[in-house]
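Please read what follows with the coordinates open beside the text, since the explanation moves from single residues to helices and then to the ligand.

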Amino acid sequence: MKSLRLAWHWLLAGGAVFGVPLFGGCNAPLPEPESPGAKVYASRCNTCHRLYAPRALTYEMWKMKVALMQGEMVRRGLPPLTRDERELLLEYLQRHSQDAVQSLREVNG
Ligand code: HEC
């Protein structure tokens, strides 16, 4: 059972990377790597899988995923994000989400 779930997980992760080749997936450096939000993201979100590029998802999707991941953390006996961590993380993801990046592009041409 466990390995099945793991295989599914890698399938999903692979799909996310190969499905959006434009966005570079796994090895793309994080934007603003020194910001507090990026540090929360890099330290708390890479325990179970590689980091997804912030611009791979819209902010609405990030909010859902982060809520979902809190559940994953608890389920695996990891401490969930604190309120501060969650706020920093969501604020960071919002700034670099797909919708934010796209609207910037529209403004700049
Ligand atoms: C305790 C392990 C664990 C941690 C820690 C974790 N994740 Fe996940 N994550 C998973 C699992 C398992 C999946 C795949 C299953 C799923 O989508 O429900 C996943 C999938 C994802 C996906 C892809 C979902 C999709 O639909 O393709 C995103 C995005 C994601 N995680 C973001 C995060 C973020 C952001 C954090 C930090 C707040 C985080 N993860 C921390 C276990 C974890």
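In this account a residue counts as buried if 20 or more other C-beta atoms lie within 10 Å of its own, as exposed if 12 or fewer do, and as partly exposed in between. The model to which this rule is applied is a predicted one. Leu78 is partly exposed because 14 other C-beta atoms lie within 10 Å, and this residue sits in the loop between α3 and α4. Leaving aside residues up to four places away in sequence, Leu78 touches Thr47 and Met73, and its C-alpha atom is separated by 9.7 Å from that of Arg44, although the two residues are 34 apart along the chain. Ala67, by contrast, belongs to helix α3, which spans residues 59-75, and it is exposed because 11 other C-beta atoms lie within 10 Å. From Ala67 to Pro80 the C-alpha distance is 10.0 Å, with their positions 13 residues apart in sequence.

These residues belong to a chain with five helices and zero strands, so that the order of elements from the N terminus reads α-α-α-α-α by the assignment of helices and strands as DSSP runs. Of the 109 residues in the chain, 15% are buried. Among contacts with a separation of 6 or more, 72% join residues that are 24 or more positions apart.

Where do the buried residues of helix α2 lie, and what do they pack against? In α2, residues 36-44, the buried positions are Gly37, Ala38, Val40 and Tyr41. They fall on the same side of α2 because they cover an arc of only 160 degrees around the axis. An α-helix has 3.6 residues a turn, so residues three or four places apart point the same way. The buried residues of α2 pack against α4, residues 83-96, while the face of α2 turned away from its buried side carries the exposed residues Ala42 and Ser43.

The packing can be followed further in the largest nonpolar core, which has 11 residues, including Ala38, Val40, Tyr41, Leu89, Tyr92 and Leu93. To this core α2 and α4 each supply at least two residues. One of the core residues, Leu89, touches Gly37, Val40, Tyr41, Val66 and Leu81, again not counting residues up to four places away in sequence.

Turning to the ligand, one finds 18 residues around it, of which the closest are Cys45, Cys48, Met69, Glu72 and Arg76. Both α1, residues 2-19, and α3 supply at least two residues each to this shell, and α3 gives the most, with six. Sorted by class, the shell has 11 nonpolar, three polar and four charged residues.

Finally, the confidence of the prediction deserves attention. The mean pLDDT of the chain is 84, and 74% of its residues reach 70 or more. Confidence is highest in α4, at a mean of 98, and lowest in α1, at 54. Over residues 17-24 the pLDDT is below 50, and this stretch has eight contacts in the model beyond near neighbours in sequence.

Technical notes: Residues are numbered from 1 along each chain as its sequence is written. This is a predicted model: local features need pLDDT of at least 70, side-chain atom pairs count only at pLDDT 80 or more; totals for chains, interfaces and linings use all residues. Helices (H or I, at least four residues) and strands (E, at least two) are DSSP runs, numbered from the N terminus. The arc is that of the directions from the helix axis to the C-beta atoms. Two residues are in contact if their C-beta atoms, placed from the backbone, lie within 7 Å. A residue is near a molecule or strand if its C-beta atom, placed from the backbone, lies within 6 Å of it. Ala, Val, Leu, Ile, Met, Phe, Trp, Tyr, Cys and Pro count as nonpolar, Asp, Glu, Lys and Arg as charged, and the others, Gly among them, as polar. A nonpolar core is a set of buried Ala, Val, Leu, Ile, Met, Phe, Trp, Tyr and Cys residues joined through C-beta atoms within 7 Å. pLDDT is the predictor's confidence in each residue, from 0 to 100.
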